[in-house]
Amino acid sequence: MAIEQPATRPANPRFSSGPCAKIPTFELNKLADAALGRSHRAAIGKAKLKAAIEETRELLGVPADYKIGIVPASDTGAMEMAMWSLLGARKAEMVAWESFGAGWVTDVVKQLKLDAEVKTADYGEIVDFATIDFNNDVVFTWNGTTSGVRVPNGDAIPADREGLTICDATSAAFAMDLPWDKLDVTTFSWQKVLGGEAAHGVLILSPRAVERLESYTPAWPLPKIFRMTKGGKLIEGIFTGATINTPSMLAVEDYLVALDWARSVGGLQGLIARAEANAKAVWDFCETRDWIDNLAVDAATRSNTSVCLKFTDDRIQDGAAFAKAVAKRLENEGVALDIGAYRDAPAGLRIWCGGTVETADVEAMLPWLEWAFNAEIDAQA
């Protein structure tokens, strides 16, 4: 028996968790001022890179004495630069509750071969920060992009810690309040919350992180692309726009346009409010259905960007196959693209709710999710 489809469709069906939806006002002609065909070391290129850094500082409220650099290879590149350059000076504590955090554990334990203490939690849960010794160097993700679980705040991180905190904040920056006084290294990619073009990462260093870089030399060789010091001193150019390797000036222009849009919607607090409204629409939907639920166990740790869901209906025979079939129905109808759970995560869905997504589109998509669920249950029967 055919199940009636909803009457309204999302204007923009893009709910991918990366690369994420472009800003709502995006048009290619907005990139017409890009410094194409020019050296990134020419005055115009350096000016645009410096503007990207300083506008990032202003929008995120990064302290004036913190360094901000644009680096290669997205958030992954920024995190690898930090870990390979800073870890090894004291004991490391690796904290993970989803696949990307687990990846950093692998790099530190199996590649750097450090005798690190590893603390993990299952998908949907989070490690108890009260058990972490912040006199060690601590590596963690702020928002679990593949688990939909985030650190609720930085209260458990002591101000008088002896170790460095190295935080992968790629799905948190521009959508959550980050406590800069508690973070020594912060990384993200602008392809996430601001929907920028991929391949570039941002690396933010506190004065304590700079001090470590200038006073410690790792026991292993560092490739050129990771080197942030020369002669025992920080290479300041990296943090004023003289990037380590050639950046895409088209991607930089796209980021500048996104930053300008972010200011137009109220800056950081405006972006947070948009993400919260999007996520709440999904949470409220789940609260009134007994067949779907948030993967996050504790409501206080629910992500407002990468909202991960699980099906809970007893009639479902194969959870992974069912979730894929629902996602495929939604894609075929053009109402929700790329919302399947991450490949290493539990079976379910992942709906991006960052600030570039319009709440009206989330609200229009959710009845389609119910339609797809019922259609698949019917087909399974």
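The expected span of a helix is 1.5 Å times one less than its number of residues. Put to work on this predicted model, that rule gives 26 Å for the 18 residues of helix α1 (residues 43-60), and the C-alpha atoms at the two ends of α1 do sit 26 Å apart, so expectation and model agree. Helix α2 (residues 74-86) gets the same treatment: its 13 residues should span 18 Å, and with end C-alpha atoms 19 Å apart, α2 agrees as well.

Staying with α1 for a moment, its buried residues are Gly45, Lys48, Leu49, Ala52, Ile53, Thr56, Arg57, Leu59 and Leu60. These buried residues pack against two strands, β1 (67-72) and β8 (185-189), and against two helices, α5 and α6. Ala51 also belongs to helix α1, but Ala51 has 24% relative accessibility and therefore counts as partly exposed. Ala51 also takes part in a long-range pairing of positions: Ala51 and Thr240 are 189 residues apart in sequence, yet their C-alpha atoms are 9.1 Å apart in space. Just after α1 comes Gly61, with a positive phi of about 70°.

Helix α2 is mostly covered, with 12 of its 13 residues buried. The buried set is made up of Ser74, Asp75, Gly77, Ala78, Met79, Glu80, Met81, Ala82, Met83, Trp84, Ser85 and Leu86. Here too a glycine with a positive phi turns up just after the helix: Gly88 follows α2, and its phi is about 110°.

Next come the two helices α5 and α6. Helix α5 (residues 249-264) packs with α6 at an angle of about 85°, and the two axes are 7 Å apart. Angles of 65 to 115 degrees count as roughly perpendicular, and α5 and α6 are therefore roughly perpendicular to each other. On the α5 side, the residues that meet the partner helix are Trp261, Ala262 and Arg263; on the α6 side they are Gly267, Leu271 and Arg274.

Helix α6 leads on to a sheet. Three strands make up this open sheet, in the order β12-β13-β14, with antiparallel pairing. Its edges are β12 (292-294) and β14 (349-352), each of which pairs on one side only. On average, and with direction ignored, neighbouring strands of this sheet are turned by 30° against each other. Helix α6 (residues 267-287) packs on the sheet and touches β12, β13 and β14, its direction making about 15° with that of β13.

Strand by strand, the pairing looks like this. β12 pairs with β13 (residues 306-311) in the antiparallel sense over 3 bridges. Across that pairing, Asp293 stands opposite Lys310 in β13, and Ile292 stands opposite Phe311 in β13. On its other pairing, β13 is joined to β14 by 4 bridges, again antiparallel. There, Cys308 has Arg350 in β14 as its bridge partner. As for solvent, β13 is mostly covered, with 5 of its 6 residues buried.

The loop between β12 and β13 holds Arg302. Despite its being an arginine in a loop, Arg302 has a relative accessible area of 14% and so counts as buried. Setting aside its neighbours within four places in sequence, the contacts of Arg302 are Gly148, Arg150, Trp283, Glu287, Asn294 and Ala296.

That leaves the cysteines. A disulfide is a covalent bond between the sulfur atoms of two cysteines, and the structure holds 0 of them. The cut-off used for a disulfide is a pair of cysteine sulfur atoms within 2.5 Å. For Cys20, the closest cysteine sulfur is in Cys353, 11 Å away, which is too far for a bond. For Cys308, the closest cysteine sulfur is likewise in Cys353, at 10.0 Å, so a bond is ruled out by distance here too. Both cysteines are shielded from solvent by the accessibility criterion: Cys20 counts as buried at 6% relative accessibility, and Cys308 is buried with a relative accessible area of 3%.

Note on methods
Residues are numbered from 1 along each chain as its sequence is written. This is a predicted model: local features need pLDDT of at least 70, side-chain atom pairs count only at pLDDT 80 or more; totals for chains, interfaces and linings use all residues. Side-chain values use heavy atoms; hydrogens and water are left out. Buried means under 20% relative accessible area, exposed over 50%, partly exposed in between (1.4 Å probe, protein chains only). Two strands pair if DSSP finds at least two bridges between them. Axes are lines fitted to C-alpha atoms, for helices over the stretch in contact, and angles run from 0 to 180 degrees between N-to-C directions. Contact means heavy atoms within 4.5 Å. Angles under 35 degrees count as roughly parallel, over 145 as roughly antiparallel, 65 to 115 as roughly perpendicular and the rest as oblique.
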